[in-house]
Amino acid sequence: MAIKLFGRKRKKACVVGLDGVPCTLLQSMMEKGVMPRTAAIVSRGTLRPMTVTLPEISSVSWSTFMTGKNPGEHGIFGFTDLKEGSYDLRFPSFRDLKTETIWDLVGKTGGRSVVINQPSTYPAREIPGVLISGFVSIDIDKAVYPKSYLAMLARNGYTIDVDTAKCRDNPQRLFSDLGALLEARKRVLDEIWGTEPWSFMEVVLTGTDRLHHFAWDAYEDESHPHHSDFFDYYRKVDAFIGHVFDKFQREDSAENFFLLSDHGFCGAKKEVYINTILQTHGYLTFDGAGPASLSAITGDSKAFALDPARVYIHQRGRYTKGRVEEKDVAGLKRELTQLFESVTDGSGQKIVRRVFDAAEVYTGPHAAEGPELLLIPHNGYDMKGKVGAPFVVGERRLQGMHTWDNAFFFALREDLVDPSKDLEIVEVPWMILRSIDVGP
Amino acid sequence: MKGFTLWFTGLPCSGKSTLARRVEEILLERGMNVEVLDGDEVREHLSKGLGYSKEDRDTNIRRIGYVAKLLSRNSVVAIGAAISPYKAIRNEVRNWHERFVEVYVKAPVDELKERDIKGMYKKALAGEIKHFTGVDDPYEPPENPEVIVETDKESVEESVNKIVRTLELMNYIPGAGAGSDYSEEEEEEIKARLKDLGYI
């Protein structure tokens, strides 16, 4: 039911996020008749490919979506970061987000948001509405605001994620659990939809990302024993999208219906270890024979990497053992850029497609807290910040890897999207908010 | 990090001291230097001998505000928790500061009379205490505080989270991750999940 405010009907927006779904895969599924409901919806609006954040991982990308800001403003640069004054890893949480969310902005106009399974919102905090956090929530009791919804979630058999440890090498378990999880999300969505007043509804499906990481081969290989299971899951996703759209249409014009992904995906061929590249070329050294972690870094080191493809200059004043002077940073970045652009996989194939200087992509008060260089690999080369790998290139551990481009955004309303410009994820939340008359 | 003043204002027994102490704990955990200037304590020392006339109240608040200013400009978070009933004096104290965050601790006076944790409302209503804010002395609520907490509707944790979140968004305090949101066991679980998906 639309919320009436002094007799004026409040506009509503409904967003379905499909974590890690490439634009080309979505198009292929629609063309093949696997996703007829989605195809019918998409035919009425505008589907655009989209580039996402750097690095192209969910914690950063969804943080950009939920704030409409780049990482230099929201302060989230990865699933990991370094503890201040240390080389130990820490795990940024929702509390590390340095700006307001779009749900806070909706709340300022008197609207309420319902957000289901949003990655990077753990632990959940108060928002004007309902928040059920997604990955990397580890305790559902801390993943829900308000807590009064915990009982409802339990009653509906809701879990945050599949058991990735058990599903990773067990395709039967993977497909079964993905299906069950999708059904539980649907039950929860249906129950909240009818009981909670909202003007912004968002539900994110993360099963697609798990499917791609663990079973991408099943998509590409028609002879794969789970090829049909892969497509069956997408049929279920299609049914889910259709179900949400139908609900929205029953009570509203549904003109403000949106779909998006937070990054693309492709098949992984090899893993590539950036820290080993740096070591091989003398930019990174460790104390002792076999470093267990970055803590063994020496003061002579000029650069190091964190997952997935973030390169940091080992600057004096920023890191306890860092000795690179500020005046030398620009020259070192140029050197490293040339290095990464030239490095090959041993068979002559270049690994890195593009090197971004952080200054090109990060602006804002927290830009200096992030990496100095960001690497985009050629498809198939899954870049890692692992420490101590003996070779630059290693066997892949997972079947699929993220891509920075080939994400997508769909809007039913064509006036919201400028077809003449390339689309970046940071623009998308503002388009959605504009559709319901919410400003910055 | 730079210091600032966090100023709690509200009717007697609205929860100012409780919230001030809980926020103090959190800021100490995050490595900040913190000092609470609690109204009741200040009246025992810094403002001993002052009464509850408007003039004396103004002097009391100016004293607390002055000490807060000295602390905050020396990288301390000064937390003031006094009724501070008059808008003009609160604004005067605000204008002394570069970084000042006002928290309005709001609760209906009828609710506070019910709570009456120290028994003061009862005495004031019986006429045993004169010039009691909320009974026979006025309270002027702030017009644009940085934070409003409603202690008749929120739990202590919810109010504290609201305050801390505002300070994080203003970049006055580091995020919880600078230390950690997570216990060692939780960190291990997060690490394991990130490894399963190849993120580390």
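**Exercise 1.** In this predicted model, determine in which sense S16(A) and S17(A) pair, and over how many bridges.

*Solution.* Begin with the two strands themselves: S16 covers 352-357 of chain A, while S17 comprises residues 373-377 of chain A. Between S16(A) and S17(A) there are five bridges, and the pairing is in the antiparallel sense. To follow one bridge in detail, start at A:Arg354, whose bridge partner in S17(A) is A:Ile376.

**Exercise 2.** Work out which strands S15(A) pairs with, and then give the order of the strands in the sheet.

*Solution.* First, take S14 (residues 303-306) of chain A, which runs antiparallel to S15(A) and is joined to S15(A) by four bridges. These two strands form a hairpin, with three residues between them, and A:Leu306 has A:Arg310 of S15(A) as its bridge partner. Next, turn to S17(A), which pairs with S15(A) in the antiparallel sense over two bridges; here A:Arg310 has A:Leu374 as its bridge partner. Put together, the strands make an open sheet of four strands in the order S14-S15-S17-S16, with antiparallel pairing. S14 and S16 are the edge strands, each pairing on one side only, and the twist from one strand to the next averages 25 degrees.

**Exercise 3.** Find which helix packs on this sheet and which strands the helix touches.

*Solution.* The helix is H12 (residues 329-342) of chain A, which touches S14, S15, S16 and S17 of chain A. As a last step, compare directions: that of H12 makes about 170 degrees with that of S16(A).

**Exercise 4.** Decide whether the residues of S15(A) are buried or exposed, and which of them point one way.

*Solution.* A:Arg310 and A:Tyr312 point one way from the strand, whereas A:Val311 and A:Ile313 point the other way. All of these residues are buried.

Note on methods
Residues are numbered from 1 along each chain as its sequence is written. Chains are lettered from A and ligands numbered from 1 in the order in which they are written. This is a predicted model: local features need pLDDT of at least 70, side-chain atom pairs count only at pLDDT 80 or more; totals for chains, interfaces and linings use all residues. A residue is buried if 20 or more other C-beta atoms lie within 10 Å of its own, exposed if 12 or fewer, and partly exposed in between; C-beta atoms are placed from the backbone. Two strands pair if DSSP finds at least two bridges between them. Axes are lines fitted to C-alpha atoms, for helices over the stretch in contact, and angles run from 0 to 180 degrees between N-to-C directions. Two residues are in contact if their C-beta atoms, placed from the backbone, lie within 7 Å.
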